[in-house]
Amino acid sequence: MSPSAPFNPPSPTLAGKPFVPSWTPPPVTKEKHNFAELKSIDLSLLDSEDPAVVNDLIQQVKVAIRDDGFLFLENYGVSLEQLHRQFGLAQYLYNNISEEDKQRLLFHPETGVWSGYKHPYGFKRHRGPADGIEQFNWYTPEWASPSTRVPQCLQPFMDEIEAFCTYLTQSVNRRLLTLFSRVLELPDDYLWEKVQSHGSPTGEGYFRHALFRPVQKETRDASKGIKMHGHTDFGLTTLLFSVPISCLQIWGRDEQWYYVPYRPGALVVNIGDTLEIVSGGHFKATRHRVFTPPADQLEEERLSLVLFNSSVGDLRMGPALVRMKLMVCAESPLIQREGCIEEQGVYKEFRNLTAQGKLVPTNREWREIQIATCTDPTDSVRNSVGADQVLIEGKIMHQREYMGVKVVLPV
């Protein structure tokens, strides 16, 4: 494939753009225990003219996604200065968004999308206990009508934000899907053309500015330190930018939670349910959560930028080698040679449903029902054994059922 061009954003000093203070990364924790050791992938090596270098890269990716479902991505085309500008814009949003815009653009997750502004009072439109988490999420309507769907304070910078998301989707994620296609021994553009959604800077997915503010001890106690429950993402890939405040945790093979360490400028990539399913279980959907940071970061704010890449909504999710007209890995030599892997939940559940002759959810149904029925960590009624939680081999697990699909995940 032809070499990838680096990100070339619009100028931040164009006429009409207000001054945006620089974002200064907060201090890194001094604590060293309970951190994961993740593999790092140099995406620029995909452009190498040496087949041995590219093949070695593919093998590195294969090991990373099978072992962890999580990996660091470096040298992907965005400089640290360019990235910090985007963090500066997110910081500018939360320092300048008006109360009027917060109300006018308030999200309505019961409709199955996070679109708009999330208040810091839980994951429902009505206000619950404070959780300290604010978000703004861009879906297709926000890109199509920024004058009415985006906070006024950010409208002068939409050229920069849109260019950033377009590059992440059409360059970074496309190259990442090329690597994943090669792991499955498929043509380079197979996952990009057959599964990835298109039509806007984020396709059917979305881009998020998030701010996690410090919360009172009462809130931490009510949620048992959890800011976002253990879960897997429902799409293809999620691209998170590594930040100094340690809140993101992954579930290890030893069934323990580990913080993701900070790597300046790196992307943290996790695998979504769709990739687990279309790969026949060879790709491992990442079990992760957002938790209280170490003690020396409790009073720090955590700013976050995340791109959620979605698959085609009308595609009915089905296990590999069964629903051949729908799932790309029916053509994967790797799957044909090594078979499927039923190691963990979602892929196994979808395969079982199909074997019974039952319809499985479409990608749109799968993501929308999870958003619409999301529960807050502070909800002591739902988050109890006998309600949404079960005790399995001495461990408390979160158990939900969506359209006949049982999902059991660590809390």
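## Sheets, helices and loops in a predicted model

Three strands make an open sheet in the order β13-β14-β15, and their pairing is antiparallel. This is a predicted model. β13 (389–392) and β15 (405–410) stand at the edges with a single partner strand each, so one side of each has no neighbour in the sheet. Neighbouring strands here are turned by 35° against each other on average, direction ignored.

Look at one pair in this sheet. Strand β14 (residues 395–402) and β15 are joined by six bridges in the antiparallel sense. Q399 has its bridge partner in β15, and that partner is V408.

**A sheet of four strands**

A further open sheet has four strands. Their order is β6-β11-β8-β9, and the pairing is antiparallel. Which strands lie at its edges? They are β6 (226–231) and β9 (257–259), and each pairs on one side only. From one strand to the next, the twist averages 25°.

β6 runs antiparallel to strand β11 (residues 288–291), and three bridges join them. I226 stands opposite F291 in β11.

Strands of a sheet pair through backbone hydrogen bonds, in either a parallel or an antiparallel way. The table lists four of the pairs in this model.

| Strand pair | Bridges | Sense |
|---|---|---|
| β14 and β15 | six bridges | antiparallel |
| β6 and β11 | three bridges | antiparallel |
| β7 and β10 | five bridges | antiparallel |
| β7 and β12 | four bridges | antiparallel |

**Strand β7**

β7 appears twice in the table, so take a closer look at its residues. Is β7 mostly covered or mostly bare? β7 is mostly covered: five of its five residues are buried. T237, L239 and F241 are buried on one side. T238 and L240 are buried on the other, so both faces are covered.

Its pairing can be followed residue by residue. Strand β10 covers residues 267–271. T238 stands opposite N270 in β10. L240 has V306 in β12 as its bridge partner.

**Helix α2**

β7 also helps to cover a helix, α2. Helix α2 holds 17 residues, 80–96. At 1.5 Å a residue, α2 should span 24 Å. Its end C-alpha atoms are 24 Å apart, which agrees with that expected span.

Which residues of α2 are buried? They are Q82, L83, R85, Q86, F87, G88, L89, A90, Y92, L93 and Y94. Several elements cover these buried residues, including β4 (133–138), α6 (158–183), β5 (206–212), β7 (237–241) and β12 (302–309).

P21 touches this helix region too. Leaving aside neighbours within four places in sequence, P21 is in contact with G88, Q91 and Y92. G88 and Y92 are among the buried residues of α2. P21 itself lies in the segment before β1 (40–42). P21 is partly exposed, with a relative accessible area of 40%. How far apart are P21 and S311? They are 290 residues apart in sequence and 36 Å apart in space, C-alpha to C-alpha.

**Where α1 meets α6**

Two packed helices are described by the angle between their axes and the distance between those axes. Helix α1 (residues 51–67) and α6 have axes that come within 9 Å. These axes cross at roughly 85°. An angle of 65 to 115 degrees counts as roughly perpendicular. The helices α1 and α6 are therefore roughly perpendicular to each other.

Which residues meet there? From α1 come V54, L57, I58, V61, K62 and I65. From α6 come L179, F180, R182 and V183. The residues of this contact divide into eight nonpolar, no polar and two charged.

**Two loop residues with positive phi**

Most residues other than glycine have a negative phi. N75 and E255 are worth a look on this point. Phi of N75 is near 55°, a positive value in a residue other than glycine. N75 is found in the loop between β2 (70–74) and α2.

E255 is not a glycine, yet it has a positive phi of about 60°. Where does E255 lie? E255 lies in the loop between β8 (248–251) and β9. E255 is partly exposed, with a relative accessible area of 38%.

How values were computed. Residues numbered from 1 in each chain as written. Predicted model: local features only at pLDDT ≥ 70, side-chain atom pairs only at ≥ 80, totals over all residues. Heavy atoms only, no water. Expected span 1.5 Å × (residues − 1). Buried < 20%, exposed > 50% of the residue type's maximum accessible area, 1.4 Å probe, protein only. Contact = heavy atoms within 4.5 Å. Axes fitted to C-alpha atoms, helices over the stretch in contact; angles between N-to-C directions. Parallel < 35°, antiparallel > 145°, perpendicular 65-115°, else oblique. Nonpolar A, V, L, I, M, F, W, Y, C, P; charged D, E, K, R; others polar. Pairing = 2+ DSSP bridges.
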